[in-house]
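Trainee: I have a model open on my screen and I'd like to learn how to read it. Could you walk me through it?

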Amino acid sequence: MTEASPSIRERILDAAFGAFMRHGYGGTSTAQIARLAHVSKRDLYAQFGSKQAMLSDCVAERAERMRDPLTLPAPSGRGGLNQTLIEFGVVVVRELTRPEVLATYRLAIAEAENAPGVAITLDQHGREANAEALTGLLTNARDLGLLSGDEPAEMAGLFLAVLMSGGILVRLLMRVAVAPDETEARRRAETAAGCLLRLYGGTG
């Protein structure tokens with residue numbers, strides 16, 4: 001089965017993201033993006049109303065990819081909750097430390113003054129999406145008596161803080177650390193899950 005060719009929109013977004021990363025927002029022109037995407041400027045503006053819209057969509061699309069693996073099953077006992085938390089943590093570490101995701105964060109930071117909406121988009125689709133998915137899981141666990149805390153959002157914040165402890169994301173963004181491998185990602189997830197269950201473990 002032949003893989004479908006990228007759509008015009010996909011070609012434009014890929015070209016725009018590459019250009020923004022190489023030359024910055026201010027140093028990239030719509031003509032340059034159109035040339036890299038092999039489309040006319042007319043086609044480009046038919047898809048996107050402005051260069052800022054392209055930048056926002058680049059970030060939103062990549063942030064959305066971070067949400068795909070985060071559908072969490074309902075917990076079925078303390079052991080099941082622990083395992084789900086560990087698997088969730090591994091996915092979060094893996095996704096947040098992928099080169100493309102780090103590049104997206106660097107781009108949003110670099111353009112925070114020129115295009116503040118970009119950072120807001122990334123925060124909403126990335127960090128907030130992770131926290132909301134986890135909060136939903138922990139709310140279900142609390143309602144089943146598996147956790148005893150009153151504020152699932154606070155529990156989620158604790159889990160994510162332990163998971164990404166040591167300033168790992170900032171250090172990766174500054175290129176002074178290497179991305180955790182699968183063993184390190186699992187160790188972090190197990191530590192975060194153990195910490196949360198020790199503090200908030202219920203009777204289920």
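Mentor: Let's go from the whole chain to helix pairs, salt bridges and single residues. Keep in mind that this is a predicted model.

Trainee: Okay, start with the overview. How many helices and strands are there in the chain?

Mentor: Counting elements is a good way in. Here you get eleven helices and zero strands, so reading from the N terminus on, the elements simply run α-α-α-α-α-α-α-α-α-α-α. The C-alpha trace spans about 65 × 40 × 35 Å along its principal axes.

Trainee: And what share of the residues counts as buried?

Mentor: Of the 204 residues, 44% count as buried. You can also ask how far along the sequence the contacts reach. Among contacts between residues at least 6 apart in sequence, 73% join residues at least 24 apart.

Trainee: Now the helix pairs. How do I describe two helices that pack?

Mentor: Two packed helices are described by the angle between their axes and the distance between those axes. Take α8, residues 127–143, and α9, residues 152–163: they pack at an angle of about 125°, with their axes 8 Å apart. The two helices are therefore oblique to each other, and their crossing is right-handed.

Trainee: Which residues in α8 and α9 meet?

Mentor: On the α8 side, look for A131, L134, T135, L138, T139 and R142; on the α9 side, P152, A153, M155, A156, F159 and L160. By class, the residues of this contact divide into nine nonpolar, two polar and one charged.

Trainee: What about α7 and α8, at what angle do their axes cross?

Mentor: Helix α7 covers residues 116–125, and its axis crosses that of α8 at roughly 20°, coming within 2 Å. That makes α7 roughly parallel to α8. The residues that meet are L122, D123, Q124 and H125 in α7 with R127, E128 and A129 in α8. Here the classes come out as two nonpolar, two polar and three charged residues.

Trainee: On to charges. How many salt bridges does a search of the whole structure find?

Mentor: It finds eight salt bridges. For each one, check the N to O distance, then where the partners sit in the chain. One of them joins R9 and D57, whose closest N and O atoms are 3.1 Å apart. This pair links distant parts of the chain: R9 belongs to α1 (residues 8–23) and D57 to α4 (residues 51–67), 48 residues apart.

Trainee: Are R9 and D57 buried or partly exposed?

Mentor: R9 is partly exposed, at 32% relative accessible area. D57 is partly exposed too, at 26%.

Trainee: Where do I look for a salt bridge inside one helix?

Mentor: Go to α11, residues 182–200, where R187 and E184 sit three residues apart, about one turn of the helix. Their side chains meet in a salt bridge at 2.8 Å, N to O. R187 has a relative accessible area of 42% and is partly exposed; E184, at 24%, is partly exposed as well.

Trainee: Which residues are linked in a network of salt bridges?

Mentor: E95, R98 and E100 are. Within that network, the closest N and O atoms of E95 and R98 are 2.8 Å apart. E95 is buried, with a relative accessible area of 12%, whereas R98 is partly exposed at 26%.

Trainee: Last topic, single residues. What does T30 touch?

Mentor: For any residue, I'd note its element, its accessibility and its contacts. T30 is in helix α2, residues 30–37, and counts as buried at 13% relative accessibility. Not counting residues up to four places away in sequence, T30 touches K41, L44, Y45, K51 and M54.

Trainee: And Q47, where is its place?

Mentor: Q47 is in helix α3, residues 41–47, and counts as partly exposed at 38% relative accessibility. Leaving aside neighbours within four places in sequence, Q47 is in contact with I8, R9 and I12. That R9 is the residue that forms the salt bridge with D57. As for I12, Q47 is 35 residues away from it in sequence, with the C-alpha atoms 8.6 Å apart in space.

Note on methods: Residues numbered from 1 in each chain as written. Predicted model: local features only at pLDDT ≥ 70, side-chain atom pairs only at ≥ 80, totals over all residues. Heavy atoms only, no water. Axes fitted to C-alpha atoms, helices over the stretch in contact; angles between N-to-C directions. Helix = DSSP H or I, 4+ residues; strand = E, 2+ residues; numbered from the N terminus. Parallel < 35°, antiparallel > 145°, perpendicular 65-115°, else oblique. Left-handed = near helix turned anticlockwise from the far one by under 90°. Contact = heavy atoms within 4.5 Å. Nonpolar A, V, L, I, M, F, W, Y, C, P; charged D, E, K, R; others polar. Salt bridge = Lys/Arg side-chain N within 4 Å of Asp/Glu carboxyl O. Buried < 20%, exposed > 50% of the residue type's maximum accessible area, 1.4 Å probe, protein only.
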